[in-house]
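Morning, everyone. I have one structure to walk through today, and I'll keep it brisk. Have a look first, then we'll go through the empty space and the metal.

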Amino acid sequence: MILPLLFLFLNLSFLFYSSIARAPANHLSKHADYIDSIHGNQGRRLYSDNFQMSEKEYIAMLEKLAQGYMSNSDLEKAMKEFNGRCGNISRIYSIGKSVLGVPLWAIEISDKPGESEAEPAFKFIGNVHGDEPVGRELLLLLANWLCDNYMKDPLATLIVKDVHLHILPSMNPDGYSLRRRGNANNIDLNRDFPDQFFPMNDDMDLRQPETKAIMNWLEGVHFTASASLHGGALVANYPWDGTEDRKKNYYGCPDDNTFRFLASLYSKSHYNMSLSNEFPGGITNGAAWYPIYGGMQDWNYIHSGCFELTLEISDNKWPNASELPTLWEYNRMSMLNLVAGLVKTGLHGRIISSENGRPLPASLAIKGINYTIAAGKKFADYHRLLAPKENYEVIATMQGYRSKIACVMLGEGAVTVDFVLDPETTHEGSQLLEDSGCYFESKTTLQMIDFLPDPQLEVFLLTFSVLGFLLFLVKWRAKLVHPNQKQTPVPKRAVV
Ligand SMILES: *[C@@H]1O[C@H](CO)[C@@H](O)[C@H](O)[C@H]1NC(C)=O
Ligand SMILES: *[C@@H]1O[C@H](CO)[C@@H](O)[C@H](O)[C@H]1NC(C)=O
Ligand SMILES: [Zn+2]
């Protein structure tokens with residue numbers, strides 16, 4: 001009964017949310033992105049309250065601030081030390097080199113580092129902008145915390161055992177040593193990816209080596225989700241980052257609900273991100289805040305099936321190093337919960353052939369969401385992040401096989417559904433829907449009201465939210481099909 005009310009509430013809060021997010025607020029002045037204005041970088045220029053400071057004074061201030069932060073060689077040393085100490089659950093590798101030839105070192109943390117398993121992979125990227133060094137420090141603290149707490153803390157153990165976590169503490173070591181936003185060519189790396197709306201950055205030869213390294217990395221590793229760490233604000237930002245008409249507007253991607261859930265997972269686990277006055281709930285759609293083009297986040301979602309967030313983790317881009325332990329404490333649970341969310345929420349399973357049990361690298365779609373993910377090439381495991389407490393019609397498709405549909409009532413926890421696909425013998429494409437068990441929409445309202453304990457109340461609620469009522473039907477129907485599939489700690493494995 002509370003579902004329609006909840007839906008109504010969500011509707012109203014969404015209206016409230018969008019009106020705030022679209023308001024011509026003056027919050028950009030607080031973004032402290034003034035290095036852009038100093039260096040005359042292309043793209044947006046955001047000014048801060050401090051722009052009376054000269055470049056020289058600013059650099060001197062940063063040099064002073066750099067005390068207590070790891071230099072690039074300190075960072076490399078710290079990563080190698082970590083690997084020496086925690087080699088049983090990690091490996092380090094380089095994904096490429098910066099313009100000035102600094103290796104882009106990454107750590108993989110897993111109980112089977114370097115091996116492929118039927119598990120989701122997550123990546124953290126820090127220091128995309130050279131003058132935002134908090135992330136690179138926190139990522140080393142994260143790696144060490146996981147190592148120290150593996151087999152002691154349940155979250156650490158879950159992440160090491162069930163996820164392959166890849167950490168790139170610095171995507172922009174040259175920018176870091178130059179104390180500036182851009183790389184050694186003074187290019188903003190978060191504007192250097194191919195864009196979905198505008199033909200910018202399409203020339204592979206002009207792309208920066210750091211950007212190329214990330215793009216190649218994603219061809220090799222099948223990431224389910226990721227986050228890049230920034231500074232200058234306190235908010236979890238999700239796609240789309242750009243709009244087609246270049247206007248500042250809320251512009252949701254097909255997985256808007258999923259992304260709002262993921263961003264909220266971060267903000268709500270944070271010390272105070274969700275208390276933001278500027279961003280309701282501590283989250284924002286990128287384009288509603290300020291549109292950017294050529295960003296890494298949208299590219300991840302569009303081209304590699306990877307759900308990426310852009311996390312602004314401190315108002316101050318380059319705080320005094322003495323604040324790092326506090327910033328780590330503020331972000332620790334957020335980082336852990338976001339990674340663990342890959343296992344603890346969403347829809348997971350494998351797709352195999354009924355003929356011989358062979359894994360099928362099929363694709364998986366959700367009815368009503370214009371986005372397809374691919375199962376893993378080796379084990380045909382899939383990991384579909386989704387907003388919880390909804391019903392989903394899931395379609396597994398593989399060329400040469402008949403598609404299958406599963407009706408899933410997702411609770412708070414993860415659900416596992418394996419698909420066993422039959423080889424296609426004849427062409428009967430249109431029979432697809434008739435074969436499936438999902439008849440969410442085919443029941444009429446009247447028929448369903450007979451099932452309800454109090455039809456009059458339901459009719460009353462119907463006048464408020466027709467969609468909320470439909471969801472109720474879906475829930476009711478799904479309950480009949482999947483009794484008590486709620487919140488099982490170790491989800492039952494369903495086979496379709
Ligand atoms: C979060 O806490 C920090 C440190 O106390 C403070 O500077 C910041 O303004 C707070 N932010 C919000 C949104 O409450
Ligand atoms: C689905 O998304 C693709 C781009 O990925 C787009 O070309 C297509 O028009 C979309 N379809 C619908 C029905 O929105
Ligand atoms: Zn940044």
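Cavities first. The count comes to four cavities of 30 Å³ or more. Bear in mind that this is a predicted model.

Take the largest cavity. Its volume is about 130 Å³. Sixteen residues line the largest cavity, and those nearest its centre are Asn190, Tyr290, Ile292, Thr310 and Glu312. Which elements give two or more residues to that lining? Helix 10, residues 286–289, and strand 8, residues 307–314. As for chemistry, the lining splits into three nonpolar, eight polar and five charged residues.

Now an open space. The second largest pocket holds about 790 Å³. Its lining has 34 residues, with Gly220, Val221, His222, Phe223 and Gly376 closest to the centre. Four elements are worth picking out on screen. Strand 4 (164–168), helix 8 (209–220), strand 11 (369–374) and strand 12 (381–384) each give two or more residues to this pocket's lining.

Where does that lining come from, in domain terms? Domain 1 (2–344) and domain 2 (347–454) each supply at least three residues to the second largest pocket. By type, the pocket lining divides into 13 nonpolar, 12 polar and nine charged residues.

On to the metal. Which protein atoms are the donors of the zinc ion, ligand 3? They are ND1 of His129, two OE atoms of Glu132, and ND1 of His230. These donors lie 2.0 to 2.6 Å from the zinc ion. Along the chain, the donors follow the spacing H-x2-E-x97-H. So look at the two histidines. His129 sits in the loop between strand 3 (121–125) and helix 5 (134–149), while His230 is in strand 5 (225–230). The two are 101 residues apart, and the pair links distant parts of the chain.

Are these histidines buried or exposed? His129 has 3% relative accessibility, so it counts as buried. His230 is at 5%, so His230 counts as buried too. The cut-off for buried is under 20%.

Last point, the geometry. Why is the arrangement around the zinc ion called irregular? The four donor atoms subtend angles of 54 to 152 degrees, and that spread makes the arrangement irregular. A tetrahedral label would need all angles between 85 and 135 degrees. For reference, ideal angles for four tetrahedral donors are 109.5 degrees.

That's my run-through. Questions, please.

Technical notes:
Residues are numbered from 1 along each chain as its sequence is written. Chains are lettered from A and ligands numbered from 1 in the order in which they are written. This is a predicted model: local features need pLDDT of at least 70, side-chain atom pairs count only at pLDDT 80 or more; totals for chains, interfaces and linings use all residues. Side-chain values use heavy atoms; hydrogens and water are left out. Donors are N, O and S atoms within 2.8 Å of the metal (3.2 Å for Na, K and Ca); water is not among the atoms, so sites may look incomplete. Four donors count as tetrahedral if all angles lie between 85 and 135 degrees; four count as square planar and six as octahedral if opposite donors are over 155 degrees apart and all others between 65 and 115; anything else is irregular. Buried means under 20% relative accessible area, exposed over 50%, partly exposed in between (1.4 Å probe, protein chains only). On a 1 Å grid over the protein atoms alone, a cavity is a set of points where a 1.4 Å probe fits but cannot get out, and a pocket is an open set with protein on both sides within 12 Å along at least five of seven lines; lining residues have an atom within 4 Å of a point. Grid points are joined across faces, edges and corners, and a volume is the space filled by probe spheres set on the points. Ala, Val, Leu, Ile, Met, Phe, Trp, Tyr, Cys and Pro count as nonpolar, Asp, Glu, Lys and Arg as charged, and the others, Gly among them, as polar. Domain bounds come from an automatic or database domain assignment.
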